[in-house]
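User: Hi! I would like to learn how to read a protein model feature by feature. Could you walk me through one?

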Amino acid sequence: MFDFNTLAEFFRHYCIGICAFLIPANLVATSLTGIFAVLHRPAAQVWQAAGIAIGSFGMSVAIIFGNSCPPKRTMRTGTRTTKRVKSLTRSVSTLRS
């Protein structure tokens, strides 16, 4: 049986690397589709380039919006780190003036 949890963990672990490949691949394939259409290449080549572009776009959407990428960590207000950042910001602004 196919285990989707294993696949989700794989995507979660390698999300940045996968997206680093898929985004440029999508841009190249989309550009090739437009170039082939403008140059009046055979329809099979145009559809092949369009299929590759749609496939890489679909994978990108599935990975990004499918909650496969880990969420961003945000600072909670009231923590020591937030207070420290605020004090450093005040120090820098007093130095500038």
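User: Let's begin with helix 3. How many residues does helix 3 have, and how far does helix 3 reach from its first C-alpha to its last?

Analyst: Happy to help, and please keep in mind that this is a predicted model. Helix 3 has 23 residues. From its first C-alpha to its last, helix 3 reaches 32 Å, close to the 33 Å expected at 1.5 Å a residue.

User: What span should the 24 residues of helix 2 have, and how far apart are its end C-alpha atoms?

Analyst: The same rule of 1.5 Å a residue gives 34 Å for the 24 residues of helix 2, and the end C-alpha atoms are 34 Å apart, which agrees.

User: Stepping back, what does the secondary structure of the chain come to?

Analyst: There are four helices and zero strands. Read along the sequence, the pattern is α-α-α-α.

User: Now for burial. What share of the 97 residues in the chain is buried?

Analyst: Buried residues make up 19% of the 97. As for the surface, the chain exposes about 8,200 Å², and carbon and sulfur atoms supply 68% of that area.

User: Which residues of helix 2 are buried?

Analyst: Start with the general idea. An α-helix has 3.6 residues a turn, so residues three or four places apart point the same way. Now the case here: the buried residues of helix 2 are Cys15, Ile18, Cys19, Leu22, Asn26, Ala29 and Thr33. They pack against helix 1 (4-13) and helix 3 (43-65).

User: Which residues are buried in helix 3, and what covers them?

Analyst: In helix 3 the buried residues are Val46, Ala49, Ala50, Ala53, Ser56, Ser60 and Ile63. Their cover includes helix 1 and helix 2.

User: Asparagine 26 caught my eye. Why does asparagine 26 count as buried?

Analyst: The cut-off for buried is under 20% relative accessible area. Asparagine 26 has 15%, so this residue is buried. Asparagine 26 lies in helix 2 (residues 15-38). Leaving aside neighbours within four places in sequence, asparagine 26 is in contact with Ala53, Ser56 and Phe57.

User: And alanine 49, with which residues is alanine 49 in contact, leaving aside its neighbours within four places in sequence?

Analyst: Those contacts are Ala29, Leu32, Thr33 and Phe36. Alanine 49 lies in helix 3 and is buried, with a relative accessible area of 8%.

User: How far apart are the C-alpha atoms of threonine 30 and alanine 49?

Analyst: They are separated by 7.2 Å, with their positions 19 residues apart along the chain. Threonine 30 is found in helix 2 and is partly exposed, at 43% relative accessible area. Another pair to look at is alanine 49 and valine 28, which are 21 residues apart in sequence and 9.2 Å apart in space, C-alpha to C-alpha.

User: What separates the C-alpha atoms of isoleucine 64 and phenylalanine 11 in space?

Analyst: A distance of 9.6 Å, while the two residues are 53 residues apart along the chain. Isoleucine 64 lies in helix 3 and counts as partly exposed, at 39% relative accessibility. For the chain as a whole, take the contacts between residues at least 6 apart in sequence: 54% of them join residues at least 24 apart.

User: How many disulfides does a search of the whole structure find?

Analyst: In general, a disulfide is a covalent bond between the sulfur atoms of two cysteines. Here the search finds zero.

User: Why is there no bond between cysteine 19 and cysteine 15?

Analyst: The test is a pair of cysteine sulfur atoms within 2.5 Å. The sulfur of cysteine 19 has its closest cysteine sulfur in cysteine 15, but the separation is 4.2 Å, too far for a bond. Cysteine 19 counts as buried, at 13% relative accessibility.

User: Is histidine 40 buried or exposed?

Analyst: Histidine 40 is exposed, with a relative accessible area of 71%. This residue is found in the loop between helix 2 and helix 3. Its backbone is worth a look too. Most residues other than glycine have a negative phi. Histidine 40 is not a glycine, yet its phi is positive, about 55 degrees.

User: Last one: which residues make the nonpolar surface patch of about 550 Å²?

Analyst: The patch is made by Phe2, Phe4, Leu7, Phe10 and Tyr14. Leucine 7 has its place in helix 1 and counts as partly exposed, at 31% relative accessibility.

Note on methods. Residues are numbered from 1 along each chain as its sequence is written. This is a predicted model: local features need pLDDT of at least 70, side-chain atom pairs count only at pLDDT 80 or more; totals for chains, interfaces and linings use all residues. Side-chain values use heavy atoms; hydrogens and water are left out. Buried means under 20% relative accessible area, exposed over 50%, partly exposed in between (1.4 Å probe, protein chains only). Helices (H or I, at least four residues) and strands (E, at least two) are DSSP runs, numbered from the N terminus. Contact means heavy atoms within 4.5 Å. The expected span of a helix is 1.5 Å times one less than its number of residues. Patches are made of residues with over 30% relative accessible area and no salt bridge: like charges are joined within 9 Å, nonpolar side chains (Val, Leu, Ile, Met, Phe, Trp, Tyr) within 5 Å. Accessible areas come from the Shrake-Rupley method with a 1.4 Å probe; for residues, only the protein chains shown count as cover. A salt bridge is a side-chain nitrogen of Lys or Arg within 4 Å of a carboxyl oxygen of Asp or Glu.
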